[in-house]
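Hi everyone, and thanks for coming. Please take a look at the screen, and I'll walk you through what I've been looking at this week.

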Amino acid sequence: MSASHNVSDSSVHTAMIDARGLVKKYDDFTAVDGIDFTVTRGESFGLLGPNGAGKSTTMRMIACTSQRTAGTLEILGRDTDHHGPWIRAHLGVVPQQDNLDRELTVRENLYIYGRYFGLPRSYINDKIDELLDFAQLEDKRDAKVDSLSGGMKRRLTIARALINEPEILMLDEPTTGLDPQARHVLWDRLFRLKERGVTLIITTHYMDEAEQLCDRLVVMDKGKFMAEGSPAGLIAQYSSKEVVEVRFGSDRNQEIADQIADLGDRVEVLPDRILLYTSEGEAALERIIDRGLRPMTSLVRRSSLEDVFLRLTGRSLVD
Amino acid sequence: MATVDTGATPATRAWQGASRLVQPARIARSGAWYVAEYRLRNLSKWWGAIVAFGLGNPVLYLASIGLGVGALVNRNGPNALPDGVAYLTFLAPALLATAAIQGTQDEVTFPLMHGLKWERVFYAMQSTAITPTQIAQGVMITAVIRSVFTAGIYWLVLWVVGGFTSANAILAMPAAIVAGVSFACLMLALTVRFIDSQMFLSSIGRFVLTPMFMFSGTFFPLESMPLAVRWLGWISPLWHATDLGRVLTYGKAVPGWLVLTHIAYLLLLGAVTFAIGSRMLTKKMTG
């Protein structure tokens, strides 16, 4: 083993993850189709895309639980095909589906997971207190996992992924299926980790989540990267400052869109509404009304990543 | 390290990092034992049922088959069975082998369903440095421990009721354990292969365990069956274990080559099916 591969040397790599021409095929289906990206230490990197875009497959390849078909993939300077267990020893993984042991207690779930990393019992017992505090589950220490709410299970899964103090924490759709309050609690916890310098890799199909948590993100669709940048940068590049949403009824939207297209930079017709992209939303809405058009509802808002995705793919993120 | 709550928030406490905390080489060495530690912890939640089943099963079998069928067989005089032994003596090694096989079968099939399908806990293990091969080894270590426990209780009950007549009877316990683990390896491969089939769990009972129980010389000598169905016993690990057990518990006269065949068959079946099952598990979990 070369000196650069010593365990303690992993901290010198600035590129935590480096992927070149990464491909994953299942028989005839190409799930990931030649993507390139680099993630540096302390960065919070997001993969944004609809279901089936290839986000989870990319995550599984990074977590060394799925072998790539082509390309190169290095985590902490090591090839994922040859150093899977070594790399995984340095990762924290929060899967899309919780895979906690429901027959064990909250504490026991953390404990056994720590043992899988070969951590000493005394370390684990101390760490459990800290993680329960972090996940706000101190009261549930001896409760069976079965009795926890969805948000609590998710927090426990995240706490569990931190037991080895990972260099990289991977979160596959961390808040899907949670209520708004539970999502905000989770975002707060993840933000603290980010402050601590943990590298975060997050997949999501929620724009607000990506905007809250990611320094940089890629928009992914059909196994390919459509665009890459910071949330604000992507919005500036692919959308206008503001958006006017007007509804005229599903049978009239297309006809009205043609009449107002000249009032903005771009117009998109969705089944239930028209989106008019413009730098001055209020002014554009006034001019729509001045033309004698009476929308059933209207809304002026700031552009979001949803608009970026729509622009790039012609489709909505959440079906 | 003392367990003292410093009151520090997680954000301010020193973060050592996985590079300092985790020793991948240690996990490569001991991963299978960590998996076994988890399985034993999970099993400990069911210890009452395991003890009750371990004790209840032999008592029920002895009371029904041993007393009921035994009374009929013994009524035909000392030569009712080919070896001229009492029915209990004939039955005891078969029940011991059956118990060991059933115990390990449970200890492989259900954990695999739980780990790969029901709660997917094996995928949680796999997201640490543990490998699928270590998961298979860990499940098997636990199966051995469970088998020692089940066969141990069974052996004691049989010994108390006078089921053994040979001084070698103690060796029937390790023989039953080897049979149990060998069968568990076969079940590992079968479970991984058919785990996505809705019919798998019920089919195992109907098409594997029950026929094996019926055609392995458990309740009557295999030699009394027509040749056309006797092969079912020859391929059955239970027959090999039972016949070997009879040699040990009452000194059944069996040629030396056959004793070696019994041992070799059980060891080979276990080694080959474990290698296949473990490879299939890796393929399934890393596809």
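Let's begin where the two chains meet: between chain B and chain A there are five salt bridges. Please keep in mind that this is a predicted model. One example to find on your screen is the salt bridge between the side chains of B:Glu37 and A:Arg115, at 2.9 Å from N to O. There are also 18 residue pairs in polar contact between chain B and chain A, counting pairs with both residues at pLDDT 80 or more.

Which parts of chain B supply the side that touches chain A? Four helices of chain B each give at least two residues to it: helix 1 (18-21), helix 2 (24-44), helix 5 (121-126) and helix 11 (256-286). The most comes from helix 2 of chain B, with nine residues. Sorted by class, this side of chain B is made up of 22 nonpolar, twelve polar and seven charged residues.

Now for the contact as a whole. Chain B brings 41 residues to it, and chain A brings 49 residues. Together they bury about 4200 Å², and carbon and sulfur atoms account for 55% of that area.

Let's zoom in on one residue at this meeting point. B:Ser19 sits in helix 1 of chain B, and its side chain makes a polar contact of 2.9 Å with the side chain of A:Glu167. Is B:Ser19 buried or exposed? B:Ser19 has a relative accessible area of 14%, so it counts as buried; the cut-off for that word is under 20%.

Let's step back and see chain B on its own. How many helices and strands does chain B have? The count is eleven helices and zero strands, so if you read along the sequence you meet one α after another, as in α-α-α-α-α-α-α-α-α-α-α. The C-alpha trace of chain B spans about 85 × 40 × 35 Å along its principal axes. Chain B has 287 residues, and 53% of them count as buried. The area that chain B exposes is about 12900 Å², with 69% of it supplied by carbon and sulfur atoms.

Here is a nice point about how chain B is put together. Take the contacts in chain B between residues at least 6 apart in sequence: 76% of them join residues at least 24 apart.

To finish, let's cross over to chain A and visit A:Glu268. You'll find A:Glu268 in strand 12 of chain A, which covers residues 266-269. A:Glu268 counts as buried because its relative accessible area is 17%. Its side chain makes a polar contact of 2.7 Å with the side chain of A:Arg266. Setting aside residues up to four places away in sequence, A:Glu268 touches several others, among them A:Tyr277, A:Leu310 and A:Arg311. What separates A:Glu268 and A:Arg311 in sequence and in space? They are 43 residues apart in sequence, and 8.6 Å apart from C-alpha to C-alpha.

Another residue that A:Glu268 touches is A:Arg273. A:Arg273 is in the loop of chain A between strand 12 and strand 13 (274-278). The side chain of A:Arg273 has a polar contact of 3.1 Å with the side chain of A:Asp272. Beyond its neighbours within four places in sequence, A:Arg273 also has contacts including A:Glu245, A:Val246 and A:Asn253.

That's my tour, so thank you for listening!

Notes:
Residues numbered from 1 in each chain as written. Chains lettered and ligands numbered in written order. Predicted model: local features only at pLDDT ≥ 70, side-chain atom pairs only at ≥ 80, totals over all residues. Heavy atoms only, no water. Contact = heavy atoms within 4.5 Å. Buried area = accessible area lost by both parts, 1.4 Å probe. Salt bridge = Lys/Arg side-chain N within 4 Å of Asp/Glu carboxyl O. Polar contact = N/O pair within 3.5 Å; in protein donor to acceptor, adjacent residues only side chain to side chain. Nonpolar A, V, L, I, M, F, W, Y, C, P; charged D, E, K, R; others polar. Buried < 20%, exposed > 50% of the residue type's maximum accessible area, 1.4 Å probe, protein only. Areas by Shrake-Rupley, 256 points an atom, 1.4 Å probe, with all protein chains shown as cover.
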